[in-house]
Each structure stands twice: as structure tokens, then as C-alpha cells.
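Let's take a walk through this protein together, going from paired charges to open spaces and then to the surface. Have the sequence and the 3D view ready as you read.

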Amino acid sequence: MARATNYKSRLLSEEALTKYRIELLVKGTVVIGPQILFTQDDLAKIDQLQAEIREEEVREGDAGDSHNVFVKRVRLDPPGRAPSDVSGAGPGQIMELLERKDRSFALRKILGATSDYVIRRCQMHRMPPGSFVGLHLDAASDPDFEYAVIVQLARGFEGGEFVVYPSEYEHQVFRPPFGAVLVTTCKLRHEVRPVLSGERRSLVYFCSKRSGANRRIIESSTAGL
């Protein structure tokens, strides 16, 4: 019982949440340290649940940006439709874990919101050597995406830095440790540099105040693909 109480105290610390909120406001991106939003048990549970989800290789993003990453879909957000979980026990249980009340409360404080955010899309990323995520803007997938939340699930890899471009003339490089959570606004272009060795794994989800259908418009030339 003491362990759970201590975890809740760390998770809901007003001082820590305010610090992260200010950094997110100033930089547009913040790294939340391990054991703040997700415990070791949470990470192990996510790893267990994702094991049976089907994996696909993704080479192109929604805006035609170049990728080389293996993806397991947890919650889908297709154009013209409302978000929905992928079928199976694993995706549903992962979403229950992410949407737990105390975690949602903490994230809401960090994002500076007065009400809970909706998780519109969620997926697992696996990046062996040579994998990368090309420069892109998350709003190309859904114009209502406001923040991306990235949970680091791997140790012992080289490369794979998360790079954000606040302007044409500057960039910020992040390499969160195992168990840390990176939160970034979806208004900034970003990329993941090629993994050099080992395997980079993460859980990625996108938050919005809007819960309706994805308002992204598919060009007629690609509507049937």
C-alpha cells in the first residue's frame, strides 16, 4: 500500500507538474522523468499487452513524408471517422491504462487544460538499426492533434534522437531515458534520427480536446488507396 501511495504523491505533485507545464509553454517540448507518469509495472504491462498486436512496416506518412518504422496500431483515427480501438484485448487494456484517472489528471495539468484530453490515436513504434521517422508535422494526420505523448520503452540503443524544429533556424535534440515521457506540441515539425545500434521502442499517442470525426481531407488522387 505504501508503494501505491508514494507513486500517487509523485504523480500528482503540484510543484513537479507546474515545472513541466512551464517548460512545455516555453520550449514546446518537455521530457518528464521516469516514474512520474508511468511506473516500472505500467511499462511491463504495456510491453506484455502489445506483444500480440499485429505489426506493420510504415515507409510513408500521411503527408507523404518518408519513414522507416515498424508500427503496432492501438487506437485508429482515420479521416472522416471518430477514433476507435483496434480489435482485441491488448489495445483496449492499453487504452484503459493510458486513460487512468490520476494519469489523465497529471497530463491535463502539464498541458494546462481545464478538462481531460481525448486520445485520438495511439500506436507502438519499433525501430531497429537504420530505422527513422522523417521530418513531419503531426497535424498532417489530424488537424485537431494538439500534443504528442511519447513513452520510451527501450534501453541500450544508439542514435534515434527526437529532434524538434521550433523555427527555421533552430532545433532541439532529445534522447529520453527508459521510462521517461516526452510531450511536444503538434504545431512543431520534428523527426527521429536513424537508429545506429540496438532497438528503439516507444508508445506514441496524440491528444486533442475534440472527440468527433477526423477532419483531415484526403486528396481525390489518393482517396481510393
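A good place to start in this predicted model is the salt bridge in which the side chains of Glu 199 and Arg 126 meet, at 2.9 Å from N to O. Glu 199 sits in the loop between strand E13 (195–197) and E14, while Arg 126 belongs to strand E5, so the pair ties together parts that are 73 residues apart in sequence. Glu 199 has a relative accessible area of 28%, so it counts as partly exposed. Arg 126, at 23%, is partly exposed too. Elsewhere, salt bridges with shared partners join Asp 42, Arg 100, Asp 102 and Arg 103 into one network.

Another contact to look for is the salt bridge between Arg 201 and Asp 47, whose closest N and O atoms are 2.9 Å apart. Here, too, distant parts of the chain are linked: Arg 201 is in strand E14 and Asp 47 in helix H3 (residues 40–50), 154 residues apart. Asp 47 is partly exposed, with 32% relative accessibility.

For a more local pairing, turn to Glu 23 and Lys 27, which form a salt bridge of 3.6 Å, N to O. Both lie in helix H2, four residues apart, or about one turn of the helix. Glu 23 is partly exposed at 26% relative accessibility, and Lys 27 is partly exposed at 40%. The total for the model is 17 salt bridges.

Now for the open spaces. The largest pocket holds about 650 Å³ of space. It is lined by 35 residues, and the closest to its centre are Asp 62, Arg 73, Arg 121, Gln 123 and Ser 141. Several strands give two or more residues to this lining, including E5 (118–127) and E14 (200–208), and the largest share, six residues, comes from E3. By class, the pocket lining has 16 nonpolar, eight polar and eleven charged residues.

There is also one cavity of 30 Å³ or more, with a volume of about 40 Å³. Its lining is made up of Ile 150, Gln 152, Phe 162, Pro 176, Leu 182 and Arg 200; four of these are nonpolar, one is polar and one is charged.

Finally, what makes the nonpolar patch on the surface? Ile 22, Leu 25 and Val 26 do, over about 330 Å². Val 26 is found in helix H2 (residues 14–27) and is exposed, with a relative accessible area of 66%. By contrast, Leu 188, in the loop between strand E11 (181–185) and E12, counts as buried at 13% relative accessibility.

Conventions. Residues numbered from 1 in each chain as written. Predicted model: local features only at pLDDT ≥ 70, side-chain atom pairs only at ≥ 80, totals over all residues. Heavy atoms only, no water. Patch = residues over 30% accessible without salt bridge, like charges linked within 9 Å, V, L, I, M, F, W, Y side chains within 5 Å. Areas by Shrake-Rupley, 256 points an atom, 1.4 Å probe, with all protein chains shown as cover. Salt bridge = Lys/Arg side-chain N within 4 Å of Asp/Glu carboxyl O. Buried < 20%, exposed > 50% of the residue type's maximum accessible area, 1.4 Å probe, protein only. 1 Å grid on protein atoms, 1.4 Å probe; cavity = no way out; pocket = protein on both sides within 12 Å on 5 of 7 lines; lining within 4 Å. Points joined across faces, edges and corners; volume = space filled by probe spheres on them. Nonpolar A, V, L, I, M, F, W, Y, C, P; charged D, E, K, R; others polar.
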